[in-house]
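This report describes selected features of one protein model for a reader who has not met it before. The sequence and the structure are shown first, and the description follows.

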Amino acid sequence: MIDTLLIANRGEIACRIIRTARRLGVRTVAVYSEADAGAMHVGMADEAVLIGPAAVADSYLKGDAIIAAAKRCGAEAIHPGYGFLSENPDFVEAVAAAGLIFVGPSASAIRAMGLKDAAKRLMEEAGVPVVPGYHGNEQDPAFLQGEAARIGYPVLIKARAGGGGKGMRRVDDPADFETALEGAQREAKAAFGDPHCLIEKFVATPRHIEIQIFGDEHGHVVHLFERDCSLQRRHQKVIEEAPAPGMTDEMRAAMGEAAVRAAAAIGYAGAGTVEFIVDASEGLRPDRFYFMEMNTRLQVEHPVTEAITGLDLVELQLRVASGEALSFTQGDLQIDGHAFEARLYAEDPAKGFLPATGRITYLAWPQAGAGLRIDSGVRQGDRVTPHYDPMLAKLIVHGPDRPAALKRLARALGDLRLAGLTTNAGFLKRLAEHEGFAAGAIDTGLIDRDAEALTAQAEPDDVTRALAALAHYLGDAAQNVGDDGPFTRLSGFRAWGHARQAVRFMEAGERKDMVVADLGGSAYHVAPAERAEAGVDIAVAGVDIAVTSFNRCAETGAITLRVSVEGRQATHHLLASRDAVSVFSDGAIHVLPLYRPSAAAEETATSDRILAPMPGAIGRLTIAAGARVAAGAPLVVLEAMKMEHTLKAPRDGTIAEILVREGDQVDDGAVLVTLEEEA
């Protein structure tokens with residue numbers, strides 16, 4: 001077994017690799033950028049080496065610096081994780097030239113599958129079915145548009161070196177083809193350094209089903225069954241599961257055999273995934289699946305395969321890289337139960353899944369164990385920056401069957417408590433409870449079809465406001481109680497009537513007053529000042545307040561209320577600070593800012609200004625000063641979190657001023673473009 005392992009990655013995958021290495025007695029070395037100096041993976045490793053500034057091109061993509069760090073620390077092997085250098089054959093060759101072991105496939109295998117067009121031609125020769133399309137080298141826009149017309153719309157434009165939805169565009173109308181191609185090529189160039197694209201037929205009722213394969217250096221290749229990754233948005237996976245709903249033994253055997261043929265065709269050793277697009281218009285049929293690509297690395301969603309097989313894929317990677325043969329055959333493998341993985345991102349579903357940045361001011365994971373596993377790379381107090389992918393963690397659940405596992409997933413997402421930045425937790429919980437998803441009626445278009453309901457930003461209701469007001473009231477009372485005399489213990493006591501206190505919040509720029517009436521005996525009545533009839537009776541059975549200082553934030557109380565609201569017993573989790581009260585609800589969080597007189601006078605964005613929704617770089621400007629634009633017209637392409645985000649005109653108008661240039665770095669909230677005022 002390898003003695004010392006350098007992990008050429010960051011975040012949750014680096015932490016996940018460290019955990020297995022530690023169990024096997026393998027010493028670990030982490031690498032980190034200046035932005036990650038305090039990151040979780042740095043603290044977990046036995047040793048850590050700074051390799052450069054925040055930008056990935058100057059740190060996590062600096063192969064020579066990573067190899068130098070490995071040699072300096074006495075590492076025998078390098079594990080690339082996923083992303084970054086994990087599928088870079090030049091890096092693999094450089095690792096070997098330095099006398100080190102690359103934990104992954106050979107450079108030749110990576111090259112064979114690295115470009116989608118060449119990989120599809122190779123798979124056709126190996127007898128693996130492929131999607132109809134154009135996979136050649138010609139890149140003239142007119143020629144590609146002609147190929148799209150030959151294939152028939154809708155089509156997909158795909159970066160041949162791509163993955164994760166980057167450099168991919170769906171085109172339904174021939175009139176949109178040229179613009180879509182330009183965007184795909186530009187994004188592919190920025191993400192992979194290769195603008196080359198191919199054209200494929202878009203499958204109308206597609207399911208994304210992939211096969212996990214594993215090979216060793218002794219010529220053995222097996223498949224570890226399938227994963228269904230059909231729940232996607234913007235071609236990026238959201239929730240994955242294994243096995244696939246509706247999968248038949250015949251279909252599983254056909255896909256597994258095709259995946260093993262694909263791996264054998266390139267002499268594959270290590271962990272890999274063969275991804276197929278399945279035409280599910282008539283259910284799962286063994287003649288309706290097509291090769292898309294092969295990922296020559298560990299996948300983000302590998303834990304669901306581990307859950308149903310009982311195998312540790314990172315351990316297998318390390319054993320194969322050490323020269324061991326696989327200790328099992330295809331016949332030894334079987335499926336145990338059902339598993340799901342949900343990807344928790346720092347992003348705002350209500351705003352088109354825009355990535356979010358900021359500090360995690362409070363974090364309480366649902367309790368792991370009993371079928372729940374959490375792979376995370378962040379802790380309370382960590383800052384999420386715009387430099388890297390915004391994935392925070394993966395919640396993996398396992399159960400005896402699909403309904404039981406899905407129920408565990410929904411509960412875990414509902415129990416998650418994270419504050420300080422916006423996440424997709426509430427969206428994931430609604431997705432886990434989606435009627436069609438629960439029934440197994442899934443395809444890659446499910447999220448888009450029901451996007452409005454799944455991404456809706458729920459407004460706080462009267463009960464939420466009442467709980468927030470009570471939490472603030474109780475937090476104030478706890479802070480003010482001292483040992484000055486017996487009357488300090490008589491909270492709520494009045495000679496005549498009940499104690500009342502107004503708690504003032506800000507909502508949509510307006511002051512909202514909630515009145516808390518202390519009825520004595522741990523009973524309260526909370527009502528909006530202007531709507532007494534909307535009052536809520538709350539009986540408190542228990543209060544737990546943990547006061548903690550969250551970095552630059554004011555002292556904050558993490559409050560647990562065990563209450564009976566209008567006769568219904570429940571436990572609620574809140575945060576109360578000097579500035580706001582936050583109420584956790586089904587994985588989401590309602591933040592109710594406390595009223596400040598100055599807040600009403602603060603300047604807000606208007607429809608005359610286009611602001612940067614996050615820090616990033618100006619990739620492209622599509623307009624000029626003085627130009628007339630229509631509502632919805634693209635104005636600025638902002639590059640952030642490794643993706644392009646197109647900012648559009650909020651109304652019809654004339655461009656008054658452009659305040660940035662292409663290539664400029666801008667902060668969150670920066671004014672980019674202004675429109676002339678209208679009468």
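Beyond its neighbours within four places in sequence, Asp443 is in contact with Thr205, Pro206, Arg207, Ser230 and Arg449. The model in which these contacts appear is a predicted one. Asp443 belongs to the loop between α14 (435-438) and α15 (446-449). Because its relative accessibility is 10%, under the 20% cut-off, Asp443 counts as buried. Its side chain takes part in a polar contact of 3.0 Å with the side chain of Arg449. In addition, a polar atom of the Asp443 side chain lies 2.7 Å from the backbone nitrogen of Gly445.

A second buried residue is Met123, located in helix α6 (residues 116-125). Met123 is classed as buried because its relative accessibility is 0%. Residues up to four places away in sequence aside, Met123 touches Met113, Val128, Val130, Ala262 and Phe291. Between the C-alpha atoms of Met123 and Tyr32 there is a separation of 38 Å, and the two residues stand 91 residues apart along the chain.

The next topic is the nonpolar core. In soluble globular proteins, nonpolar side chains tend to be buried together. The largest nonpolar core of this model has 35 residues, and the members that touch the most others are Leu5, Phe214, Leu224 and Phe328. Two or more residues each are supplied to this core by β1 (4-7), α1, α2 (40-44), β11 (221-233) and α11. The greatest contribution is that of α1, which gives six residues. For Phe328, the contacts outside its neighbours within four places in sequence are Val222, Leu224, Leu311, Leu316 and Leu333.

Two of the helices named for the core also pack against each other. Two packed helices are described by the angle between their axes and the distance between the axes. For helix α1 (residues 11-23) and helix α11 (residues 313-321), the axes come within 9 Å and cross at roughly 65 degrees. The crossing of α1 and α11 is right-handed. On the side of α1, the contact is made by Arg16, Ile17, Thr20 and Arg23, and on the side of α11 by Leu313, Val314 and Glu315. By character, the residues of this contact between α1 and α11 comprise three nonpolar, one polar and three charged.

Particular backbone geometries occur in several loops. The table lists two cis peptide bonds.

| Cis peptide bond | Omega |
|---|---|
| Tyr153 and Pro154 | about 0 degrees |
| Ala242 and Pro243 | about -5 degrees |

Pro154 lies in the loop between α7 (141-151) and β7 (155-159), and Pro243 in the loop between β12 (236-242) and α9 (249-265).

Which residues other than glycine have a positive phi? One of them is Phe84, with phi near 50 degrees. Phe84 is placed in the loop between β4 (77-79) and α4 (89-97). With a relative accessibility of 24%, Phe84 counts as partly exposed. Ser522, also not a glycine, has a positive phi of about 60 degrees. The loop that holds Ser522 runs between β25 (510-520) and β26 (523-528). Ser522 is partly exposed because its relative accessible area is 38%.

Notes. Residues numbered from 1 in each chain as written. Predicted model: local features only at pLDDT ≥ 70, side-chain atom pairs only at ≥ 80, totals over all residues. Heavy atoms only, no water. Axes fitted to C-alpha atoms, helices over the stretch in contact; angles between N-to-C directions. Helix = DSSP H or I, 4+ residues; strand = E, 2+ residues; numbered from the N terminus. Left-handed = near helix turned anticlockwise from the far one by under 90°. Contact = heavy atoms within 4.5 Å. Nonpolar A, V, L, I, M, F, W, Y, C, P; charged D, E, K, R; others polar. Core = buried A, V, L, I, M, F, W, Y, C linked by side-chain atoms within 4.5 Å. Buried < 20%, exposed > 50% of the residue type's maximum accessible area, 1.4 Å probe, protein only. Polar contact = N/O pair within 3.5 Å; in protein donor to acceptor, adjacent residues only side chain to side chain.
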